[in-house]
Amino acid sequence: MTKPSRTRRERASAILVILQNTYPEATCALRHDSAFQLLTATILSAQCTDRGVNAVTPELFSRYPTADDLAEANPDDVEKIIHSTGFFRAKADKILRMSQMLLEQYDGQVPCSLEELMVLPGVGRKTANVVLGEWFGVPGITTDTHVLRLSRRLGFSQHKDPPKVEQDLADLFAEESWISLSRSLIWHGRARCHARRAACGACPIAEMCPSFGEGEVDPDQAQALVRVPQL
């Protein structure tokens with residue numbers, strides 16, 4: 001793969017610095033107190049908002065705080081708790097089998113390597129990168145819907161396929177910035193660069209964005225579209 005030019009790298013780096021300064025509080029929105037809880041919450045976040053997951057995890061984690069507890073849970077009880085997240089039967093099955101595998105193969109502890117995480121039920125590369133980055137501090141790029149959308153709009157990648165976008169971003173940004181990059185893009189996607197109507201006129205990186213004008217450009221109307229990401 002052809003490496004990005006220095007000019008592209010410099011532009012990308014400048015954009016990231018602005019986003020980091022705009023969202024200094026950017027962090028993972030899924031509430032958790034352990035690697036196991038973060039892993040579980042991330043599996044539940046498929047086809048569901050982080051806010052929707054946060055609405056059910058307090059009860060789930062109060063009853064089943066560890067892999068040991070969830071591995072022995074009654075599936076019907078788990079399904080009732082997570083029902084509002086959607087696809088609740090499939091998700092309950094995944095987090096139960098994930099918990100059981102953690103007990104059987106990892107003494108109930110969440111492993112800290114991409115390869116080991118990805119053999120767990122319900123865990124793909126995106127989920128694994130979330131856990132590695134947010135809990136273990138291992139550099140990784142989380143290609144969620146916001147990251148995919150913003151990567152195209154900002155000209156970081158021309159692809160839609162998550163692995164290809166991840167590779168493009170990995171080539172463009174230094175490894176030590178990957179966690180911050182993911183957080184910043186996600187928060188900017190939630191706050192301003194919305195899928196349907198972006199707040200272009202209230203965007204701090206508007207001058208460097210090749211997609212400026214796809215959203216609302218009037219400053220006042222754009223500002224009205226800005227949302228504060230909720231944890």
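How many helices and how many strands does the protein have? With the whole chain in cartoon view, you will find 12 helices and 0 strands, where helices (H or I, at least four residues) and strands (E, at least two) are DSSP runs numbered from the N terminus. The radius of gyration is 19 Å, close to the 17 Å that the globule rule gives for 231 residues, so the protein is as compact as a globular protein of that length; the radius is taken over C-alpha atoms, and the rule is 2.2 Å times the number of residues to the power 0.38.

Before selecting anything, note that this is a predicted model, in which local features need pLDDT of at least 70 and side-chain atom pairs count only at pLDDT 80 or more, while totals for chains, interfaces and linings use all residues. Residues are numbered from 1 along each chain as its sequence is written, and side-chain values use heavy atoms, with hydrogens and water left out.

**The whole chain**

Turn the C-alpha trace along its principal axes, and it spans about 55 × 40 × 25 Å. Of the 231 residues, 51% count as buried, a term that means under 20% relative accessible area, with exposed meaning over 50% and partly exposed in between (1.4 Å probe, protein chains only).

**The largest core**

Select Leu60, Leu70, Val78, Ile82 and Leu120 next, which are the residues with the most contacts inside the largest nonpolar core, a set of 38 residues. Such a core consists of buried Ala, Val, Leu, Ile, Met, Phe, Trp, Tyr and Cys residues joined through side-chain atoms within 4.5 Å. The largest share of this core, 8 residues, comes from H6. Centre the view on Leu70 and, leaving out residues up to four places away in sequence, you will find that Leu70 touches Phe36, Thr40, Leu60, Tyr64, Val78, Ile95, Leu96 and Ser99, where contact means heavy atoms within 4.5 Å.

Apart from this core lies another, of 27 residues, among them Ile15, Leu19, Phe156 and Ala191.

**Helix H2**

Now colour H2 by accessibility: 10 of its 10 residues are buried, including Phe36, Leu39 and Ile43. These buried residues pack against H3, H4, H5, H6 and H8.

**His188 and Ala14**

Move to His188, which has its place in helix H11 (residues 178-191). Is His188 buried or exposed? Its relative accessible area is 2%, so His188 is buried. Apart from neighbours within four places in sequence, His188 is in contact with Leu19, Tyr23, Leu150, Cys193, Cys203, Pro204 and Ile205.

From there, select Ala14 in helix H1 (residues 6-22), which counts as partly exposed at 28% relative accessibility. A distance drawn between the C-alpha atoms of Ala14 and Ile205 gives 9.1 Å, although the two are 191 residues apart along the chain.

**Two loop residues with positive phi**

Most residues other than glycine have a negative phi. Which loop holds Phe87? Phe87 is found between H5 and H6, with a positive phi near 50°, and Phe87 is exposed, at a relative accessible area of 58%. Finish at Asp107, in the loop between H6 and H7, where phi is again positive, at about 55°, and where the relative accessible area of 66% makes Asp107 exposed.
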